[in-house]
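Colleague: Could you take me through one small sheet in this protein, strand by strand? I would like a close look at how the pieces pair and what packs against them.

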Amino acid sequence: MTHKALAALVTAALVLPLTACGADTGSGGGSTVTVTIGYQSKTINTVTAGTLLRTLGYFEKALNSLGDGTTYKVNWQDYATGAPITAQMTAGKIDIGSMGDFPLLINAARGKQLGRPTHLVSVTGYNVHGGLNTIVTAPGSKLRSLNDLRGKKVSTSVGSAADGTLVRALQRAGIDPDKGIEKLNQQPAVGTSALAAGSTDALSQFVAWPGLLAYQGKAKALYDGAELNLPTFHGVTAREDFAKKHPAVLEAFLKAQSDATTYLHDHPVAAAEKVAKATGLPAEVVYLYNGAHGIATFDPALQPSLVSALKKDVAVLKSAKLVGDVDVDAFVDDQYVKRALGPTAYADQLAATPPPAAGEAWSKGSTTTRTFNSPASLLRYVAAHRTSLRAAYVPDATTGTLWFADKAVWVTDGDDLRPFVTAATAQKYIAGHQGARTISYTAALERAS
C-alpha cells in the first residue's frame, strides 16, 4: 500500500461513526465494556493473540474472572493485513490489534501523527533469522536466485514485513529495489492469483502464503528470508488511551495470550488443527509455521533483540516514505505484559531461546509428531511409512528454516543428505563442497532407505 493510499484509508476511517470500543455504558452498580480486537486470522504467527486465542475463549474467560461488576463483550474483527487495523485503531474503533513488525512501525507513526498514540505491548510469533517471509516463484519458473529478478515483476504488499524482506534482499544482491524490478503493490491473495496467471514473476509474502503455495504445488521458494539473518516478528499493539482507562482489561488479554501460547506449546498438533478449522488453511501448513519445531517461535516477552531489529526496520520504511522518524523506545511498553505474566515468568521468557531445529513426521490420525535428529533418519522413516504419512518437515541445512521435505532441494554430499529451502542456498553449499550435488526427493528417499 502506498503512502497516499494508506493516508486515504486512515482518513476514511476517521469519518466513520465510532463504536463503543472500550466504552462504559449502563448505570447504577453495573456497566458494560465492549473490547474490540483487530486480528489477522490467516497470518498464523499471530494466532496466540488472534485465531487460536479466539477459538479457545481464554480472553472472555479472563474478563469474566475480573470480578469487578462489569459486563464485558468482545468484538473480534478479522483483516487480511495490518494496515486496516491501524486505520481503525487511529479512528478509535479498535482497542487492541496484532500485526507484523513493519506495520507496527506504521501503527506507531500514524498513532502519534493523529493524536491517538499506540504502544507495542507484547510479541506473538517471531523468527530470529527472518524465516517468516519468503519470496516464491511459479513451479516451472526458470528463476533460480535473486539476481534473476532484475527487470522482473514482483508482487508484494508495500509496507509489510514481506516487502521489507524483499527490499533488503535486493539491496544485498546489488539490485535497486525501486528501479531494478517492477514492484506490484498487491494484497497477498491478489498477488497469489497474479503468480498463478503469470502476470507477475515472483511473490514476496509473509506467513502463511509461501508455505501454503508450496504445499499446494503452486509455487517454489526462490529466497528464504532467514538468509538475511535479521529477526522478524509479529506483535500486539494497544491504544494508549484504552490501556490507561482499562489496564486490567489489557492485562487480562495478555494473560490470556500467554495461556494460549502455553496451549500451543503443549498441544502443537491440536492447536494447528484448531487454527486450520477456523481459517480454512491446511493443518499441515499451519504446523509448518506453528509446530513444535516450526518456523515461528511463540513467547509474549518483548525480547531486546526484537526491539533492536524494529529500530533497524525504520530506515526501510523511511526510504519508502511511509514513515518519518519513529521513536521505538517510546512505542514499546512492557509494563502490562510484565504484570500479566509476573516478574519471574517474564524474566524466564526473556532468557529463553528457540528450540533447536529438527525434522518432524506427522502420521495420519496421530495427535503427535515424531522428531528426528538428522535428515537421513527422517527420510528412512518416510520411506517406510509413505502411505500412512500426513506430512514431513526438515530444517534447511544452512538457515534452519523448516520446510516440507518433499518440497525441499536435496543435496547429497558423501554419505550426508542435506535439505535446503531454495535452489540458491543449495548451490551455495555445493560450490563450497567438492563432490556435492543435487538429487531428487525420490532419490534422497532411496539413498536413506
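Modeller: Val 411 sits across from Arg 418, a residue of strand 18. This is a predicted model, in which local features need pLDDT of at least 70, side-chain atom pairs count only at pLDDT 80 or more, and totals for chains, interfaces and linings use all residues. Residues are numbered from 1 along each chain as its sequence is written, and side-chain values use heavy atoms, with hydrogens and water left out.

Strand 17 (residues 409-413) runs antiparallel to strand 18 (residues 416-420), joined by 5 bridges. Strands here are DSSP runs of E with at least two residues, helices are runs of H or I with at least four, and both are numbered from the N terminus; two strands pair if DSSP finds at least two bridges between them. Asp 413 has Asp 416 of strand 18 as its bridge partner. The two strands make a hairpin with 2 residues between them, and Gly 414 in that turn has a positive phi of about 65°.

Now for the whole sheet: 3 strands make it up, open and antiparallel, in the order 18-17-19. Strand 18 and strand 19 (437-439) lie at the edges with a single partner strand each, so one side of each has no neighbour in the sheet. On average, neighbouring strands are turned by 40° against each other, direction ignored. Helix 19 (residues 441-448) packs on this sheet and touches strand 17, strand 18 and strand 19, contact being heavy atoms within 4.5 Å. The direction of helix 19 makes about 95° with that of strand 19; axes are lines fitted to C-alpha atoms, for helices over the stretch in contact, with angles from 0 to 180 degrees between N-to-C directions.
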